[in-house]
Amino acid sequence: MLTLERLEIVQDDFCLTADLSVPTGARVAVIGPSGAGKSTLLAAIAGFLKPGSGKILWDGVDLADLPPGERPLSLLFQDNNLFPHLSAAENVGLGLRSDLRLSSSQKEAVSNTLERVGLKGFGNRKPAALSGGQIARVALARMILRQKPLVLLDEPFGALGPALKGEMLTLLADLLDETGATLLMVSHDPDDAVRISSQTILVAEGIAHPPIDTATLFANPPDALKRYLG
Amino acid sequence: MAKRLVPIKPVYGLGAVSAALILLLTLGTLAAVVTRAEGVSALRPADWAALRFTLWQAFLSASLSVLLAVPVARALARRQFFGRSALVTLLGAPFILPVIVAVLGLLAVFGRSGILSTMLGWVGLPPVHIYGLHGVVLAHVFFNIPLATRLILQGWLAIPAERFRLAASLGFDNADIQRVLEWPMLRAVVPGIFMVIFLLCMTSFAVVLALGGGPKATTLELAIYQAFRFDFDLGKAALLAVIQFGLCAVVAVIAWRVATPAGMGAGLDRTVERWDTSNPVLRAQDFTVLVFAKLFLLTPLVVIFLKGAGAVWTLPDVVWWSAFRSVLVALGSAALAISLALSLALLAVKLGQKRTAGFVEGFGYLTIAASPLVVGTGLFIMIFPFARPSDLALPVTAIVNAAMSLPFALRALSPALRDIENDFGRLADSLGLSGWSRMRLLILPRMRRPLGFAAGLAAALSMGDLGVIALFADPESATLPLQMFRLMTAYRMGDAAGAALVLLALSLCLFWVFDRGGRVDADT
């Protein structure tokens with residue numbers, strides 16, 4: 001379970017507070033107007049920002065002293081999820097060993113995972129030779145291999161067309177079924193929230209509200225959400 | 001302000017070591033020199049003359065370079081013609097052109113028995129005198145017109161095209177545009193460029209060694225060399241070194257405060273569309289300016305080529321050995337310059353906060369104020385109690401050259417490293433990519449281009465350097481530029497031209513190999 005305990009993130013004149021918890025295995029959308037602090041919230045959980053006060057706990061363990069690479073989570077960004085000078089297989093392999101000195105069984109795991117996301121035979125290609133959808137698949141493959149219990153997605157499919165995005169969300173849902181990981185996904189598209197997540201965290205006006213049932217939220221939106229949805 | 005959680009890894013300790021080494025090389029050597037200085041009372045009239053000459057020739061050189069560069073830059077900014085981009089590239093070449101090679105070329109054109117004097121003889125005029133103030137300023141102008149032209153051209157191209165369109169729609173003629181658009185731009189960029197060239201001319205050594213000298217044309221830099229090499233008067237050398245360092249520091253600070261012209265300048269390969277310059281007088285003016293610029297810059301090099309090509313095959317072995325030593329020094333110096341620059345840049349990026357990062361990078365630019373001969377003198381004083389300095393001539397030369405290339409290397413690497421951290425720093429952090437893995441898998445592959453460029457620059461600068469080596473070397477440890485200078489002073493001009501050609505070819509080759517190596521198959 002992810003717990004944000006009276007968390008306060010301060011950046012210059014921006015302030016975001018959160019006091020909530022996300023049960024293990026839940027799929028939670030994070031929505032809200034742009035600039036509200038959705039990405040900032042994820043960055044704090046991932047360890048890129050030091051909170052002003054409060055705690056971030058995973059299964060009761062305080063994450064404060066763990067550097068980003070050692071936290072029990074995988075993070076996909078909006079873009080730059082792959083290193084352009086490394087091949088797809090190398091990018092995925094980084095999920096197993098950050099120095100890329102892979103054993104032959106690890107190499108096999110890499111190619112199996114690439115096959116799992118539908119990229120059999122694409123291992124030697126560099127990102128420049130892959131489409132946007134394929135790049136997202138490579139990033140998902142690395143996410144699977146890292147086997148972290150918490151997955152943070154910061155609009156990684158934002159630049160894809162609607163059909164492709166739907167495809168990715170389906171693949172993501174399947175992968176989460178297999179791994180049982182907990183998901184926190186930032187999106188500015190309410191449809192995404194409905195589609196993949198049972199619960200939604202609304203980030204607006206300096207507060208990250210506790211997750212509530214997605215259907216209920218949209219059936220009876222609070223004022224802040226109404227203004228955002230227009 | 002939220003702080004980064006990622007701890008500083010030991011690899012960044014290298015940055016601290018580099019910073020310390022640079023402090024030792026600049027302020028440390030200066031301190032070593034100061035312990036030997038005798039006090040201001042020891043300044044004799046000749047030293048005051050050297051001080052005056054240093055400032056006067058630097059002032060003349062910088063003024064002439066800028067004045068002559070303005071029309072060339074203007075012509076390049078508003079004319080599109082065949083060979084324009086080649087000319088712009090050529091303007092970058094003096095940076096890696098060995099000074100002593102250019103001096104030999106200038107002697108062949110402007111010297112007593114050079115092309116110009118011969119032509120003057122045909123119409124009954126006396127030959128020109130190149131030694132002394134004339135020659136020093138001529139050579140400095142030769143080197144700095146290209147630099148000034150490139151920097152002023154950047155200023156011209158930085159005027160937004162919309163302004164020229166607006167001016168055209170308002171019916172401005174050429175004079176209006178000069179008044180409203182071009183003069184304000186020149187007023188903004190020229191002072192900074194003037195100060196940079198002033199500083200370069202103040203610390204220039206090889207030019208003054210070859211073309212200056214004597215009571216009327218000795219700079220502080222040359223006086224340090226003479227006090228050290230001929231009189232073996234360490235106290236005197238030390239005193240002059242302190243004055244030179246102080247002067248350079250003051251000028252460097254002024255140059256930095258006035259304005260810092262931006263870097264090596266990418267994107268000079270375009271012109272701005274103009275509607276006010278089609279009149280035939282302006283066309284003829286630009287044409288003439290460009291022809292003279294090309295003649296002035298290319299003739300000395302062509303002459304070297306013509307004279308040297310025949311002599312290369314009969315060069316004595318000693319020249320080839322010195323060439324071999326020079327290549328080794330250049331490679332060592334490039335490796336050191338890159339290590340210093342990279343570790344400093346890593347530390348600066350890691351520290352993040354503007355003030356501390358600027359402070360760390362500032363160490364790298366400290367070497368601008370330090371003249372190579374001051375550093376060399378200081379190192380000599382430090383080494384003297386332990387070893388014979390001439391035994392260490394080559395390593396010391398490589399180290400001093402590396403320190404001198406450092407500002408340029410830092411300028412190429414720092415922004416690239418910042419971009420990498422901005423684009424991929426978080427991804428690398430989230431994957432736990434740190435230490436040597438981060439270096440090997442992220443930083444080095446993504447920095448190949450600037451690394452290649454900086455290494456090429458450092459190698460070429462070191463290859464052509466005739467500075468500190470002149471202080472230390474005995475005949476067995478001469479580098480190629482020094483060997484070439486010895487041939488010149490022995491009036492073996494044919495061999496000197498051959499050596500010059502070899503030196504030029506090796507400098508360009510080193511630059512090309514590294515720069516090319518950084519580009520081939522680079523995924524950036």
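In which strand of chain A is Asp62(A) found? In this predicted model, Asp62(A) belongs to strand S5, which covers residues 61–62. The residue counts as partly exposed, because its relative accessibility is 32%, and partly exposed residues lie between the 20% and 50% limits. Asp62(A) also takes part in a negative surface patch, where its companions are Glu5(A), Asp19(A) and Asp65(A).

It helps to set this strand within the whole chain. Chain A contains 8 helices and 11 strands. Along the principal axes, its C-alpha atoms occupy a box of roughly 50 × 40 × 30 Å. The radius of gyration of chain A is 18 Å, which agrees with the value near 17 Å for a compact globule of 230 residues. Of the 230 residues in chain A, 53% are buried.

A second site of interest is Pro156(A). This proline sits in a loop of chain A, with strand S7 (150–154) on one side and helix H5 (162–179) on the other. Although placed in a loop, Pro156(A) is buried, with a relative accessible area of 12%; the assignment follows because buried means under 20%. Pro156(A) can also be viewed together with a residue from elsewhere in the sequence: Leu76(A) is 80 residues away along the chain, yet the C-alpha atoms of the two are separated by 6.0 Å.

Taken side by side, the two sites offer a handy pair for inspection in the structure: Asp62(A) is partly exposed, whereas Pro156(A) is buried.

Terms used. Residues numbered from 1 in each chain as written. Chains lettered and ligands numbered in written order. Predicted model: local features only at pLDDT ≥ 70, side-chain atom pairs only at ≥ 80, totals over all residues. Heavy atoms only, no water. Patch = residues over 30% accessible without salt bridge, like charges linked within 9 Å, V, L, I, M, F, W, Y side chains within 5 Å. Areas by Shrake-Rupley, 256 points an atom, 1.4 Å probe, with all protein chains shown as cover. Salt bridge = Lys/Arg side-chain N within 4 Å of Asp/Glu carboxyl O. Lys, Arg positive; Asp, Glu negative; His and termini not counted. Charge placed at Lys NZ, Arg CZ, Asp CG, Glu CD. Helix = DSSP H or I, 4+ residues; strand = E, 2+ residues; numbered from the N terminus. Buried < 20%, exposed > 50% of the residue type's maximum accessible area, 1.4 Å probe, protein only. Rg over C-alpha atoms; globule rule 2.2 N^0.38 Å.
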